[in-house]
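Work through the exercises below with the sequence and the model open. Try each task before you read its solution.

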Amino acid sequence: MASTQQSVPTLYRSFLRVINKWPADPIRPTRNMKTALRSQVTESFRSPLAAGGQDTLTSRVKDAQAQLEALQNITHNVFKQKYPLSPKLLTPASNPNYYSKLVDMLEKETAKKNFEAIGKKGPTFFQKLFRTAK
């Protein structure tokens, strides 16, 4: 039991390290997976243990270790490497350029949103510097 209690802080820090490696989603900047994961982990580690039953410290640590391993596999692209997509899937015969056009469109929308967001934040340092006096 003592080793389980000692492993809880280590497990929590491991979750935070994996979450910090999580990439930002440029398409949905207001719905950030990193923030959602961090709040879920924080809430899970702060929630009290129920008296008796299946909700023991040992079982929660075991579940957390499995979840941590899954997140680590995702961040290290384990499944992408284990199960690579075939070129046939990425370039379907009916519309071979579908996915490349989709990616281009998403990149353009992301760039457009980023540009619009810059304008909403106010002028940048260089805009202020080179603004003509009125």
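A polar contact is a pair of N or O atoms within 3.5 Å. Keep that cut-off for Exercise 2. The model is predicted.

**Exercise 1. Describe the fold of the protein chain in terms of helices and strands.**

Solution.
- Step 1: Count the elements. The protein chain has seven helices and zero strands.
- Step 2: Read them from the N terminus on. The order is α-α-α-α-α-α-α.
- Step 3: Check burial. Of the 134 residues in the protein chain, 12% are buried.

**Exercise 2. Find the residue that caps the N-terminal end of α2, then work out where the buried residues of α2 lie.**

Solution.
- Step 1: Locate the helix. α2 covers 33–46.
- Step 2: Look at its N-terminal end. Asn32 is the cap. A side-chain oxygen of Asn32 lies 2.9 Å from the backbone nitrogen of Lys34. The limit for a polar contact is 3.5 Å.
- Step 3: Check the span. The 14 residues of α2 reach 20 Å from first C-alpha to last, close to the 20 Å expected at 1.5 Å a residue.
- Step 4: List the buried residues, using under 20% relative accessible area as the cut-off. In α2 they are Leu37, Val41 and Thr42.
- Step 5: Place them around the axis. They cover an arc of only 130°, so they sit on the same side of α2.
- Step 6: Turn to the face directed away from that buried side. Exposed Glu43 and Arg46 are found there.

**Exercise 3. Which residues of α3 are buried, and why do they line one face of the helix?**

Solution.
- Step 1: Check the span. α3 has 19 residues and reaches 27 Å between its first and last C-alpha, close to the 27 Å expected at 1.5 Å a residue.
- Step 2: Pick out the buried residues. In α3 these are Leu57, Val61, Ala64, Leu68 and Leu71.
- Step 3: Look down the axis. The buried residues of α3 fall within an arc of 85°, so they line one face.
- Step 4: Go past the helix end. Asn77 follows α3 and has a positive phi, near 55°.

**Exercise 4. Characterise the largest pocket by its volume and its lining.**

Solution.
- Step 1: Take the volume. It is about 440 Å³ for the largest pocket.
- Step 2: Count the lining. There are 19 residues, and Ser44, Phe45, Arg60, Ala64 and Gln67 lie nearest the centre.
- Step 3: Assign the lining to helices. α1, α2 and α3 each supply at least two residues. The largest share, eight residues, comes from α3.
- Step 4: Sort by class. The lining has 13 nonpolar, four polar and two charged residues.
- Step 5: Link back to Exercise 3. Ala64 is one of the buried residues of α3, and Ala64 is among the residues nearest the pocket centre.

Conventions:
Residues numbered from 1 in each chain as written. Predicted model: local features only at pLDDT ≥ 70, side-chain atom pairs only at ≥ 80, totals over all residues. Heavy atoms only, no water. 1 Å grid on protein atoms, 1.4 Å probe; cavity = no way out; pocket = protein on both sides within 12 Å on 5 of 7 lines; lining within 4 Å. Points joined across faces, edges and corners; volume = space filled by probe spheres on them. Helix = DSSP H or I, 4+ residues; strand = E, 2+ residues; numbered from the N terminus. Nonpolar A, V, L, I, M, F, W, Y, C, P; charged D, E, K, R; others polar. Expected span 1.5 Å × (residues − 1). Buried < 20%, exposed > 50% of the residue type's maximum accessible area, 1.4 Å probe, protein only. Arc of directions from axis to C-beta. Polar contact = N/O pair within 3.5 Å; in protein donor to acceptor, adjacent residues only side chain to side chain.
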